[in-house]
2 protein chains.
Amino acid sequence: MTKTFRRKLDFKAGRVDMSHGAGGRAMAELISSIFKDAFGNELLEQGNDQASFPTPSGGRMVMTTDGYVVSPIFFPGGDIGSLAVHGTVNDLAMAGAKPLYLSASYIIEEGFPLGDLKRIADSMGAAAKAAGVMIVTGDTKVVERGKADGVFISTAGVGVVPDGINLSGDRARPGDKVIVSGSMGDHGVAIMSSRENLTFETEILSDSAALNGLVDAMVAAAGPHLRLMRDPTRGGLAATLNELAHQSGVGFRIVEDHIPIKRQVAAACELLGLDPLNVANEGKLVAVVAAEAAEGLLAAMRSHPLGAEAAIIGEAVEDDQRFVQMTTGFGGGRIVDWLAGEQLPRIC
Amino acid sequence: MTKTFRRKLDFKAGRVDMSHGAGGRAMAELISSIFKDAFGNELLEQGNDQASFPTPSGGRMVMTTDGYVVSPIFFPGGDIGSLAVHGTVNDLAMAGAKPLYLSASYIIEEGFPLGDLKRIADSMGAAAKAAGVMIVTGDTKVVERGKADGVFISTAGVGVVPDGINLSGDRARPGDKVIVSGSMGDHGVAIMSSRENLTFETEILSDSAALNGLVDAMVAAAGPHLRLMRDPTRGGLAATLNELAHQSGVGFRIVEDHIPIKRQVAAACELLGLDPLNVANEGKLVAVVAAEAAEGLLAAMRSHPLGAEAAIIGEAVEDDQRFVQMTTGFGGGRIVDWLAGEQLPRIC
């Protein structure tokens with residue numbers, strides 16, 4: 001008898017069973033065959049319950065986490081794995097940070113296909129590599145059939161904000177300009193279309209992408225004139241602007257016609273009864289910038305592939321009530337409110 | 001109309017609904033009323049999608065994550081919230097790190113009682129405070145009824161290892177002594193007894209606890225003679241020693257009679273058909289230390305409340321096959337193997 005970790009996984013027909021979460025040999029094999037291969041880096045290879053890395057020198061650190069429960073798990077333009085990397089990288093980048101290290105925690109339903117798990121892990125590994133971050137530590141738990149829905153992933157991330165950069169949601173001031181990096185609503189509409197089996201002439205893809213490269217270009221262009229950035233995920237642009245209005249104690253006035261929205265996304269929203277301003281994005285950001293630096297920042301964003309359709313959509317104004325107001329295409333106006341209840345469950 | 005976040009939560013009869021995960025006002029209220037109150041610290045109060053803190057000076061950083069799916073959510077000696085803090089704090093402490101910051105990601109089933117969620121958050125806040133760490137950032141997702149089981153929590157943590165401390169699972173050498181900090185199996189048996197409605201003369205409590213204080217005392221006592229530490233959670237002492245044998249390329253010889261096991265835990269294990277060496281602990285650690293420092297380390301551990309029952313249980317030996325061998329109470333011997341399959345689902 002030679003002692004070994006190996007219990008060869010069957011990626012074609014195999015399924016996750018409770019033993020894969022039990023802390024024994026089956027779990028070790030799962031981790032080794034699926035995650036170590038997909039994420040391959042020397043920190044993960046340490047094989048401890050924690051990853052150790054040099055303390056960054058200078059700057060401030062940031063930490064963030066997000067859980068991902070998107071349904072379906074595979075969707076046009078991405079999957080839960082790439083989304084779990086992009087979302088957490090973006091939350092770090094929104095603080096002006098260079099994202100460094102991610103952790104990944106998997107909660108898997110018994111019976112989940114091993115091949116799908118491998119596909120998701122490979123997608124995460126590729127997304128991490130493209131974004132220049134390492135997935136350095138992780139955990140897997142398995143729950144009984146019917147006690148979860150396929151797989152849920154929580155990622156956390158740490159990064160470093162270089163000295164001199166100070167972005168925060170409370171820094172918008174009246175007169176500042178509001179810029180979005182591209183078209184609104186793509187991710188949410190891609191998910192909903194996929195869920196409802198809607199088909200369009202042109203397939204609507206999720207915009208899921210890592211924004212740290214775009215952010216680097218923005219920080220270089222606007223420097224201290226850049227007040228804040230935030231990615232309009234759940235709740236969409238409407239929720240993000242309302243959050244920022246509250247944090248900064250200002251109002252916002254935006255112009256509907258200036259907000260980039262893809263024609264097929266607008267059409268799908270009408271069909272689905274959705275307001276694109278409430279719909280989640282996963283590869284877009286909202287920036288608030290001092291007025292004098294707005295045009296320069298816009299030009300820098302448009303030179304980056306992920307900011308090619310960037311647009312100035314409005315400005316911050318004095319408003320004790322912290323309203324987000326929009327001039328509509330018809331020349332009227334309306335309040336852009338938070339969504340009161342639930343519109344798009346499990347969009348991310 | 002005054003615009004406000006408030007939609008007062010009913011902690012007596014209220015339940016989580018899909019709107020609490022939708023990114024709108026209901027979610028903002030949930031976070032504000034449950035989590036900000038429970039975790040109260042200035043970093044969380046920043047209200048951004050990420051927390052920002054000074055880069056630690058010197059040392060190396062460590063990062064870890066764990067998902068928690070324990071069932072039942074409330075158990076004798078703890079709950080999923082305190083467990084989610086202790087487990088992640090311990091994974092940091094096992095590297096010799098001072099735990100600093102935690103993130104928390106919640107995946108909540110629609111219909112989960114708001115009062116229970118508050119109780120869990122309060123328990124996490126108290127556990128974090130007691131362990132000297134801050135929960136600085138978090139995320140909540142809600143999935144439809146039947147798509148999760150109450151609540152799952154993933155925590156990630158970062159900490160700093162002071163210069164000169166270098167602990168890793170690959171550092172055990174033949175001749176080193178193996179020490180456990182206390183009785184084995186308490187957590188797993190507490191969960192299983194609670195699940196099976198077993199009652200004993202003395203209630204068996206989970207040992208769930210933060211070990212960073214004990215670790216400080218151990219590092220002070222043994223310094224560079226301390227080779228490694230690991231907490232024997234899922235898979236118990238058996239899995240931990242087998243992991244370490246593989247990482248370090250040694251065997252272990254342990255003595256059954258030297259392993260502290262509570263009388264009622266041993267009795268419950270017999271009743272449940274469990275081997276206490278496979279059963280999870282959540283407030284215990286295994287240390288490997290150079291032989292000449294073992295007695296000093298043991299004394300230091302015994303002076304700490306969480307190490308009062310610490311014991312030297314065996315030693316590392318040369319063994320190409322990396323076996324964990326145990327001298328049994330009857331004077332015989334047996335191989336202590338990994339658990340092949342699944343024994344105790346959802347123990348943490």
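Here is a walk through this predicted model, from the domains of chain A to a helix in chain B and then to the cavities.

Let's start with chain A. The domain assignment splits it into domain 1, covering 47-161, and domain 2, covering 177-335. Measure between their centres, using C-alpha atoms, and you get 24 Å. The two do touch each other: 18 residues of domain 1 of chain A are in contact with 20 residues of domain 2 of chain A.

UniProt has something to say about this chain as well. An unreviewed entry there lists residues 173-324 of chain A as "domain: PurM-like C-terminal". In the model, that span is 35% helix and 17% strand. Its end C-alpha atoms sit 14 Å apart.

Now hop over to chain B and look for helix H5, residues 186-196. Is this helix enclosed or open? Eight of its 11 residues are buried, so H5(B) is largely enclosed by the rest of the structure. Follow the helix along and you can tick the buried ones off: B:Asp186, B:His187, B:Gly188, B:Val189, B:Ala190, B:Ile191, B:Met192 and B:Ser193. What do they pack against? Within chain B, the partners are strand S3 (74-75), helix H3 (80-93) and helix H8 (263-272). Once you step off the end of H5(B), have a look at the backbone: B:Asn197, just after the helix, takes a positive phi of about 55°.

B:His187 is worth a pause. This residue of H5 in chain B has a relative accessible area of 0%, so it counts as buried, the cut-off being under 20%. Who surrounds it? Leaving out residues up to four places away in sequence, B:His187 touches B:Phe75, B:Leu83, B:Ser206, B:Asp207, B:Ala280, B:Asn281, B:Glu282 and B:Ile347.

Last stop, the empty space. How many cavities of 30 Å³ or more does the structure hold? There are seven. The largest cavity contains about 90 Å³ of space, and 13 residues line it. Nearest its centre you'll find A:Leu344, A:Pro345 and A:Arg346 from chain A, along with B:Gly21 and B:Val142 from chain B. As for the chemistry of that lining, eight of the residues are nonpolar, four are charged and one is polar.

Notes
Residues numbered from 1 in each chain as written. Chains lettered and ligands numbered in written order. Predicted model: local features only at pLDDT ≥ 70, side-chain atom pairs only at ≥ 80, totals over all residues. Heavy atoms only, no water. UniProt positions renumbered as here; feature names shortened; annotations may be inferred. Helix = DSSP H or I, 4+ residues; strand = E, 2+ residues; numbered from the N terminus. 1 Å grid on protein atoms, 1.4 Å probe; cavity = no way out; pocket = protein on both sides within 12 Å on 5 of 7 lines; lining within 4 Å. Points joined across faces, edges and corners; volume = space filled by probe spheres on them. Nonpolar A, V, L, I, M, F, W, Y, C, P; charged D, E, K, R; others polar. Buried < 20%, exposed > 50% of the residue type's maximum accessible area, 1.4 Å probe, protein only. Contact = heavy atoms within 4.5 Å. Domains from an automatic or database assignment.
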